[in-house]
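Here's a walk through one protein model, starting with a backbone oddity and then moving on to charges, a pocket and the overall build. Keep the structure open while you read.

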Amino acid sequence: SFGMLDFNQDLWGIGWRGNLGVRGVDTKSTASTQILVAGQLQWNTVVKKYRDWLPALNLTAQLPRDVFLRFSAGKTLSRPEYGDLRPSASVNNQFQTVTVGNAELDPIRARTYDLQAEWYYAKNAMVSVGFFRKEIDSFIQNVQQREVYSALGLPNELIVVGDCTIGGANPCNVQPDTTVVVNRKFNTPGGPLNGLEFNLQAPFTFLPGIWKNFGLLANYTRVKSKIHYIVRPDNPATAANELISDVADFVGLSPRAHNLPLFYDDPRFSARISAAHRSSH
């Protein structure tokens with residue numbers, strides 16, 4: 001369900017346009033998988049439901065001299081990957097590890113804000129600068145922790161692979177009292193992400209002859225983010241909801257990135273050459 005209101009008005013000599021709305025989202029996920037237990041495949045099914053209200057605002061102010069100010073705000077969600085929701089469990093006896101799916105994962109939720117100024121200083125030319133912020137309320141992270149197998153709530157039959165047994169003359173490498181390394185996904189508290197962005201579109205129409213068909217596109221982005229990451233507890237018996245978190249840089253995010261394409265366009269031919277860079281820290 002959703003509702004939206006559009007507006008377009010002149011006020012104080014400025015043209016204002018945009019929209020305001022809200023979307024209601026009901027999600028029901030049914031995750032099923034087959035688990036090999038003591039040589040037999042068994043179905044495991046988990047159903048999860050949740051509801052989200054996602055308001056959004058988009059506002060544009062048209063100022064004199066072809067200058068535009070744009071602001072947007074809203075709440076967003078990104079659902080977990082299907083593979084992460086599989087309610088599966090597997091045991092690696094050789095390395096004493098257990099991999100567990102998490103069908104109870106919540107989506108990645110965030111509040112987003114964008115403010116941008118654009119100046120169309122000539123035909124097909126534009127320069128803009130903007131600020132954006134994302135307040136991530138929940139993130140999804142893979143966690144490794146050490147736990148005693150019997151505390152995981154998994155059947156002991158998962159341990160049995162081939163001819164090994166639980167106890168007995170030919171015991172499996174993993175027993176109910178074995179401390180194993182458990183791999184599974186959890187939701188974390190997230191954190192803020194702030195960024196600045198600069199864009200330039202500059203056709204070289206001021207040059208003579210064929211050179212006026214050339215132009216430049218350039219953009220630069222600077223991002224800074226610190227989010228909560230779950231760290232493996234030293235105590236193997238620590239419960240999942242007691243996991244310790246720490247604040248660190250957003251893994252896999254380049255703090256600085258820029259692109260510099262040079263283009264040529266005429267009625268019969270077009271070409272592009274581009275250079276791009278992403279910083280490692």
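Tryptophan 12 counts as exposed, at 71% relative accessibility (buried means under 20% relative accessible area, exposed over 50% and partly exposed in between, with a 1.4 Å probe and protein chains only). The residue sits in the loop between strand E1 (2-11) and E2, and has a positive phi of about 60° although it is not a glycine. Arginine 65 also has a positive phi, near 60°, and is not a glycine either. Look for arginine 65 in the loop between E3 and strand E4 (67-78); this residue is exposed, with a relative accessible area of 75%.

A quick note on ground rules. This is a predicted model, where local features need pLDDT of at least 70 and side-chain atom pairs count only at pLDDT 80 or more, while totals for chains, interfaces and linings use all residues. Residues are numbered from 1 along each chain as its sequence is written, and side-chain values use heavy atoms, with hydrogens and water left out.

**Charges**

How many salt bridges does a search of the whole structure find? The search turns up 11, a salt bridge being a side-chain nitrogen of Lys or Arg within 4 Å of a carboxyl oxygen of Asp or Glu. Three of them are set out here.

| Salt bridge | N to O distance | Relative accessible area |
|---|---|---|
| Lysine 48 – glutamate 104 | 3.8 Å | lysine 48 13%, glutamate 104 44% |
| Arginine 109 – aspartate 52 | 2.6 Å | arginine 109 21%, aspartate 52 8% |
| Arginine 133 – glutamate 135 | 3.0 Å | arginine 133 25%, glutamate 135 19% |

The salt bridge between lysine 48 and glutamate 104 links distant parts of the chain: lysine 48 is in strand E3 (residues 40-63) and glutamate 104 is in the loop between strand E6 (97-100) and strand E7 (108-122), 56 residues apart. Arginine 109 and aspartate 52 pair up too, and they join strand E7 to strand E3 across 57 residues. Aspartate 52 is buried, whereas arginine 109 is partly exposed. As for the third pair, Arg133 and Glu135 belong to a network of salt bridges that also takes in Arg111 and Asp137.

**The largest pocket**

The largest pocket holds about 290 Å³ of space. On a 1 Å grid over the protein atoms alone, a pocket is an open set of points where a 1.4 Å probe fits, with protein on both sides within 12 Å along at least five of seven lines; lining residues have an atom within 4 Å of a point. Of its 19 lining residues, Asn44, Pro87, Ser88, Val100 and Leu154 are the closest to the centre. Strand E2 (14-37) and E3 are the elements that give two or more residues to the lining, and E3 gives the most, with four.

**Overall build**

The secondary structure comes to one helix and 14 strands (DSSP runs numbered from the N terminus, at least four residues for a helix, H or I, and at least two for a strand, E). Along its principal axes, the C-alpha trace spans about 90 × 45 × 35 Å. Of the 281 residues, 34% count as buried. Among contacts (heavy atoms within 4.5 Å) with a separation of 6 or more, 62% are between residues 24 or more positions apart.

Methods: Points joined across faces, edges and corners; volume = space filled by probe spheres on them.
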